[in-house]
Amino acid sequence: EKRALKSHVAQVHVEKGALESHIAKLERTVENTEDRLAQALAANASVQSSRDRLEEERKAAETRTAELESVMQHLGGEHAALAGTEQGIEWEYFSDDWCAVGLDANE
């Protein structure tokens, strides 16, 4: 019976070692999974930041496009007005507007 008990104790020690090894392996797996999760979260935050930046750039581009379209419409009107004036008048840009050379900016 003493020998059987010693054999049983030895078997328990072997099983305990196997369980401790398995627990250590599971702990490493959990740590690796946590590391991958942290990396994925950081990558997701980076992607979201890039999306936010691109959205801001898209809005700025839309605003600039609208501004340029407005300027083009204005220039189209100016072009039509110039086409109706006498030939030979020189135009210069003065005080944020076009005026004929020799005319006061208020005319």
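**Salt bridges and surface patches along helix α1**

Let me begin with a pair of side chains: Arg58 forms a salt bridge with Glu55, and the closest N and O atoms of the two are 2.4 Å apart. I should say at once that this is a predicted model, so every distance I quote is computed from predicted coordinates. Arg58 and Glu55 both belong to helix α1, where 3 residues, or about one turn of the helix, lie between their positions. Arg58 has a relative accessibility of 36% and therefore counts as partly exposed, and Glu55, at 32%, is placed in the partly exposed class as well.

Before I go on with the pairs, a word on the chain as a whole. Its secondary structure comes to 1 helix and 2 strands, and, read from the N terminus, the elements follow the order α-β-β. The helix, α1, covers residues 2–83, and the chain has 107 residues, of which 2% are buried. The accessible surface of the chain amounts to about 9700 Å², with 56% of that area belonging to carbon and sulfur atoms.

Back to the charged side chains, then. In general, side chains of opposite charge can pair when their charged atoms come close. How many salt bridges does a search of the whole structure find? The search gives 5, and I will go through two more of them in some detail.

In one of these, Arg53 is paired with Glu57, and the closest N and O atoms are 3.3 Å apart. Why are Arg53 and Glu57 separated by about one helical turn? The reason is that they are 4 residues apart in helix α1. As for their surroundings, Arg53 counts as partly exposed because its relative accessibility is 42%, and Glu57, with a relative accessible area of 43%, is partly exposed too.

Further along the chain, Arg64 forms a salt bridge with Glu67, and here the closest N and O atoms are 3.3 Å apart. These two residues are 3 residues apart in helix α1, so about one helical turn separates Arg64 from Glu67. Arg64 is classed as partly exposed on account of its 47% relative accessibility, while Glu67 has a relative accessible area of 40% and is therefore partly exposed. Beyond the separate pairs, there is a network in which salt bridges that share partners join Glu55, Arg58 and Glu62, and this brings us back to the Arg58 and Glu55 pair with which I started.

Let me turn to the surface patches, beginning with the charged one. Glu27, Glu31, Glu34 and Asp35 form a negative surface patch. One of its members, Glu27, is found in helix α1, and because its relative accessibility is 47%, Glu27 counts as partly exposed.

The other patch I want to show is nonpolar. Which residues form the nonpolar patch on the surface? They are Val71, Leu75, Tyr93 and Trp98, and together they have about 420 Å² of accessible area. Leu75, one of the four, is placed in helix α1, and, with a relative accessibility of 44%, Leu75 counts as partly exposed.

To close, I would ask you to keep two items in view when you look at the model: the network of Glu55, Arg58 and Glu62, joined by salt bridges that share partners, and the nonpolar surface patch of Val71, Leu75, Tyr93 and Trp98.

Definitions and conventions:
Residues numbered from 1 in each chain as written. Predicted model: local features only at pLDDT ≥ 70, side-chain atom pairs only at ≥ 80, totals over all residues. Heavy atoms only, no water. Patch = residues over 30% accessible without salt bridge, like charges linked within 9 Å, V, L, I, M, F, W, Y side chains within 5 Å. Areas by Shrake-Rupley, 256 points an atom, 1.4 Å probe, with all protein chains shown as cover. Salt bridge = Lys/Arg side-chain N within 4 Å of Asp/Glu carboxyl O. Buried < 20%, exposed > 50% of the residue type's maximum accessible area, 1.4 Å probe, protein only. Lys, Arg positive; Asp, Glu negative; His and termini not counted. Charge placed at Lys NZ, Arg CZ, Asp CG, Glu CD.
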